[in-house]
Amino acid sequence: MPGKLKAKIVAGRHLPVMDRASDLTDAFVEVKFGNTTFKTDVCHKSLNPQWNSEWFKFEVDDEDLQDEPLQVTVLDHDTYSANDAIGKVYIDIDPLLCSEAASVISGWFPIYDTIHGIRGEINVLVKVELFNDLNRFRQSSCGVKFFCTASIPRCYRAVLVHGFVEELVVNEDPEYQWIDRIRTPRASNEARQRLISLMSGELQRKIGLKVLEMGGNAVVGYLQCFDLEGESGLVVRAIGTACTLDKLSSGSAPNTNTHMSPLAHGCRSTHNSPVHSACSSQRLSQNFSVSVPTLIFTGMGSGGSVGKEAGPLKTLLRQQTQTALEQRKEAYCPFSHLQEFPFFTLTSFPLGFLVHVGGVVSARSVKLLDRIHNPGECSTLSCFADEPETRDAWWEEIRQEIKSHAKALGCHAVVGYSESTSICEEVCILSASGTAAILNPRYMREGCLDIGITDHRLLRFKHGLNCPVVADTRWCLLSSRFEEPSPPSCGFCHIPYDELNMPFPAQLTYCYLCRRQKVPDVLFTTINLPAEAAVTGKGCLIQARLCRLKKKAQGEVNATAISNLLPFMEYELHTQLMNKLKLRSMNALFGLHIQISVGENMLLGLASATGVYLTALPPPGGIQIAGKTPGDLSAEHHILTIQKRINDTIAKNKELYEINPPELTEEVLGSPVPDSRQRSRLFRSHSESSDEVSELDLSHGKKDAFVLEIDDTDAVEDIHSLLTDAPTPTGFYSCNTEIMPGIYNWTSGVQMFTSVRVFRLSNANLTNQGLNKIFTDLCENLLKSFYFKLRSMIPCCLCQLNFTVAVPEEELIQVTVTAVAMTFDKDQNQEKTADKPPTEEQLQFPLELCADPSSANCQPASKVSAASVDYGSFADRCSTWLELLRLKAHTIRRGSVKTISSLERSSPLPEGRSRSLRSNRSFGGISVTVVKMTPLSFLPGTRIIKYLGIINMFFIRETTSLREEGGVSGFLHTFIAEVFSMVRAHVAALGGNAVVSYSMKECMLMENPNKNQAQCLINVSGDAVICVRETDQEPTPSTASIGQTCTSATDEAT
Amino acid sequence: MTMELDVFVGNTTIMDEEVYQLWLDGYTVNDAVRVRMDGGVMEECEASADVLLSDTMDQYRTFQMCERLLHSPSKLGNQLLFQIPPHRQAMLIERYYTFDDGFVREVLGKKLSKGTKKDLDDIGAKTGVTLKSCRRQFDNFKRVFKVVEELKGPLVENIHHHFLLSDKLARDYAAIVFFANNRFETGKRKLQYLTFQDFAFCAGQLISNWTVGAVDNMVEDMDVDLDKEFLQDLKELKVLINDKDLLDQHKSLVCTALRGKTNNLNEMETNFKNLSRGLVNIAAKLTNAKDVRDLFIDLVEKFIEPCRSDRWTSADVRLYLTHYNNSVHLLDTFKHQVVWNRYMDVVKSSINILHVRLDESEGLSCFMEKKKSQRWGR
């Protein structure tokens, strides 16, 4: 009996009227955990009942604690008929199991009903007493910390990165059980919610066990997804990166902090200081490399693996890989992180972690889903014991492929790794992608304190070569170069592969920064831009969008059709990306995410990335238009005009993104530098032969021109679409990475939002072109809408723009976007100079600030005042509001602000004032904590002082009165708002004031307007944190959160 | 090809004040889009009509979802569904409860019943307020009325506390509630020149002098209903006109005091008995609910109109009333000084404001007339 769970039901409020006669409710509460249920007394005739129950105690195994949620059901007592359910609250108690996270859950939770939505709130208190468990063979993994954040969480340092962990569990979907025919939709929805909650818990526990086995204590970049495979079941799968993390206490010595947690240092600097000043005193020895390999590898995995049974060849392959794996395990163990897949779900890294980046590697595979053979027979997980095996094998296959791609790129690891699926009926596309990279092995091993000693490192690195996974002749070459110091601002761009033995054709030049090592002409990656990278100008969001019609088909025919289409799609997406990149005069893509979504009669492809100009890479060549029929005057004239438009656009973009790289001459470089008009030739893929496509790759790149041939109307269309991407309005920037390259001085305005659009194609005879246009417009209009809605936040940047496309039904296209708008200070100059001082100097700053050098020189006065000028109208409003408060507050103390007097207006509020703020927010005196949400791993202007645990919630909402709820838009609008509020409530109950790394994994909408019905499933996740204003000395969470809201200009974006 | 669904939800609820106002004013989405387009939002940020439409729909939806909460504003503060910064919550509430002066003038003093609600379309047509907006305003009145009707304690504070309105708006609502409860007649032609604010001022006076709460603030319904006992006591004032000696004494005292201070002394002297009789009769009749309703019309007919016909200035009226009131204190045989004061405080200030307004409105029309005649003359 290793744990005691205690729950207390305090009160309810705003309950719905359940008794029409009296307009009141006789409410009571059932508290259930596992199979134990307690009930409170009935609180008669009240919409705001006070139960003040005793402590309900559950004595449970910690295994159950991890798997099960606490289930709180509010009911209306009925003497004569059955009690009516008002709604439920599921409370995940996982955060309480970790000593470092929350210690108590206490607060108001929305009472949620899958049919009626939120119906009032309930105040619940939950505590857990854990007994020490010495059983070594335990099934639980309490204490392993989980983070959605795909970097080393701030306020921790990575002692060791163990590597990839994955797990999946499978169950029958309650929606498809026979019993579903006789139970109410509510019961069915609740069964589903509960099951997924259970499965998530189990999955997390299992992954935790793996982490413990590896010797780690945390999982970062935890990515959990579920696949609703319909009748074939429900898969919940997760991947993550196992680490050993050390908590940084704010009181510890600053020097160790800066050295031992390079990430905290480096990442901060990304948003507070210009990149070039981010080079710390640490010198990194690195080697060079390069690549643009997306295309070559993509699609490789899509062809063969169709069908329920893998063909003999596949089987063979699998056997081989398996034996290889086994051998490897036997052969080499110490490097636990390399035991199977050297994959890392991280997208940002500690300084020096990333040595070289090869390029994007991806693999896709089309599968047919099996049916569950014995439906309804049992619903326990064990029943499907053989199921996970199949799914595991599928993923294993894909991962092997990714690994071999990485290897071909001369890389021993894959970073920024992610997996996804797209399911339509019985067809499922599995995709995985990542960035091939070479990592600095010192982070993989214990005791990375002695970073100064090169010998050690080298030794260790060579040691690493023994590992079969990385055994390759190239490594020798690599390690010999290892001692050569190369600046961190360009090191990661240098090619990791052998120049003479390139895995694919690419144009290499000497690095434009250090001029010693080779770099490719273009670099694609799935990771965030390293903080230390040297960038010219600003970045921007680049999207490639594509629709492809396909015939409706069943079974294997369908799967084959899809897998035949995939390579074409990947190729076209790649071409679009390339063209758009050139059009913006940029040479690298970060955060590349290619999603291919399958529908009954079409495939949708959406590639999003953030384009930047890496100073280390050569300037991109222009785009040249060539006609196929020379001599035709009108055509040539046409081409000339297009060419002119393209050239104009490029020039305009250069100005817009402030791209004006220093001119380099050939003499300086001492090697043939391709001239700036350098051309790489790229053919459009009109050929239908897949052979040609796979062979196409970039081999033409070796020749010189980047020529777009206009050989048919398609091409003209494409060029037009290339040019029709509307530029972002002035004052706006957008990117899909954490932060915008080229913007450093974020202010505290943060607005996270989710937007969903569903487009109905009414025209049955659509062409690919027509579809493309519609799809492109859909995405472009969404962006335009965002710019309009957020116009009051200008200057602002949309970060982590995450587009998800789906084809929920035939003729429907759904685009879901989650992003955060963040304000920044336009006037960057002072900031730049202010952030310049070297690290040594910063070490003399007081403790708190030292952990974070870039922020140490707290924003200069001018900056803040500038900000308030920018938001003139708001500032006024804000200040009048403050005036009001000032009047109300009895005493106004100005203690801690003194140190930064210049921050007056937007400074954190002294306690006295903020308290009054708090009461003000709640009018009635009951407080509602402000909870900020962001998909990023940080909140600008704040410091995360504590991670409270992972938030992973799954909700179903259904309605049978769609019209009455404002149609499908009204329905979804309410539901999303409800989901947000439930996330906020849970975070607040944990004592937090923000959610970082928030993401909406799933937003699945099914509608039937004719029946007046709709159903929606949403899955969200993130990390609950306590953050304080960066300038606060003695932080108390609530104060900080409130202070923020009041001062952050754009929070209340109109 | 249509947009089946289009939503945008921010963690902090995004609300545009301009759109909110359009929504409150009862514009349809399409009309609102048109207004916004004319307002030039589009040029401001390179938006298209589609974008504007989508944004307006989103906002309208948000407001509709919020409306339920706005009905009990204290809920807005501790609800969890929308994260709205406090000052914006205050803005939402204040604007939601703000009403059109033209509209409220039409329903002031009417029973807030279904019957009145049926007439809203006429009122809307008359005042140029959309029916939707009329309904909102009417429902607001009714809602506030219902909540505070049964509450103890000062009316304004109750409204302020339950509806979180600004002091000014709470006072206005107090006036509306008070007028609706006592059904004061305000719609007669003779009262048309008065604005809502004039009545609101009078209501303030009435609430703070004539209600139960004015003397004892721990009684139920104290601020909404007039003090019955006091109204009963008012009958005693009749002695001022019925007792000939007293009346003459009063008159001579007033005239002595007025001597040399006004040019209209003669008229005041001749009219004294008439005016005094008018005022005291009004007081004496207030035990009848019907006469309470006609309070303002009586004041106009019995006092203001005679003054007008004698061309008293507002200063004259003020002066006269001051001395008319004060002189009573010098009447040794008159025993009802307290009741008198309580009565006259309200009457004095009410007549003052009614007269000043009349002066202004007629002054204005005089001025217009003068201009007109000038033009004709030429």
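Just after helix H19 of chain B, Arg311(B) takes a positive phi of about 60°, in a predicted model whose local features need pLDDT of at least 70, whose side-chain atom pairs count only at pLDDT 80 or more, and whose totals for chains, interfaces and linings use all residues. Residues are numbered from 1 along each chain as its sequence is written, chains are lettered from A and ligands numbered from 1 in the order in which they are written, and side-chain values use heavy atoms, with hydrogens and water left out.

Helices (DSSP runs of H or I, at least four residues) and strands (runs of E, at least two) are numbered from the N terminus. Helix H19(B) covers residues 295–309, and because a helix is expected to span 1.5 Å times one less than its number of residues, its 15 residues should span 21 Å, which agrees with the 20 Å between its end C-alpha atoms. The helix nevertheless has a kink of about 35° centred on Glu301(B), where the bend is the angle between axes fitted to the seven residues ending there and the seven starting there. Among the buried residues of H19(B) are Leu295(B), Phe296(B), Asp298(B) and Phe303(B); buried means under 20% relative accessible area, exposed over 50% and partly exposed in between, with a 1.4 Å probe and protein chains only.

Phe303(B) is also one of the residues that Tyr320(B) touches, as are Val254(B) and Trp312(B), a contact being heavy atoms within 4.5 Å. Tyr320(B) is in turn among the residues with the most contacts inside the largest nonpolar core, which has 251 residues. Such a core is a set of buried Ala, Val, Leu, Ile, Met, Phe, Trp, Tyr and Cys residues joined through side-chain atoms within 4.5 Å. Helix H24 of chain A (residues 967–989) gives the most to this core, with twelve residues, while a second, separate core of 34 residues includes Phe753(A) and Ile14(B).

Chain A also holds residues with a positive phi, listed here.

| Residue | Phi | Place |
|---|---|---|
| Glu425(A) | near 55° | loop between strands S14 (413–424) and S15 (427–439) |
| Gln800(A) | near 50° | strand S26 |

Most residues other than glycine have a negative phi, and most peptide bonds are trans. Glu425(A) counts as exposed because its relative accessibility is 61%, whereas Gln800(A), at 21%, is partly exposed. A cis peptide bond, with omega about -5°, joins Ile794(A) and Pro795(A), and Pro795(A) has its place in the loop between helix H16 (768–789) and strand S26 (796–806).

Note on methods: Lists of a residue's contacts leave out its neighbours within four places in sequence.
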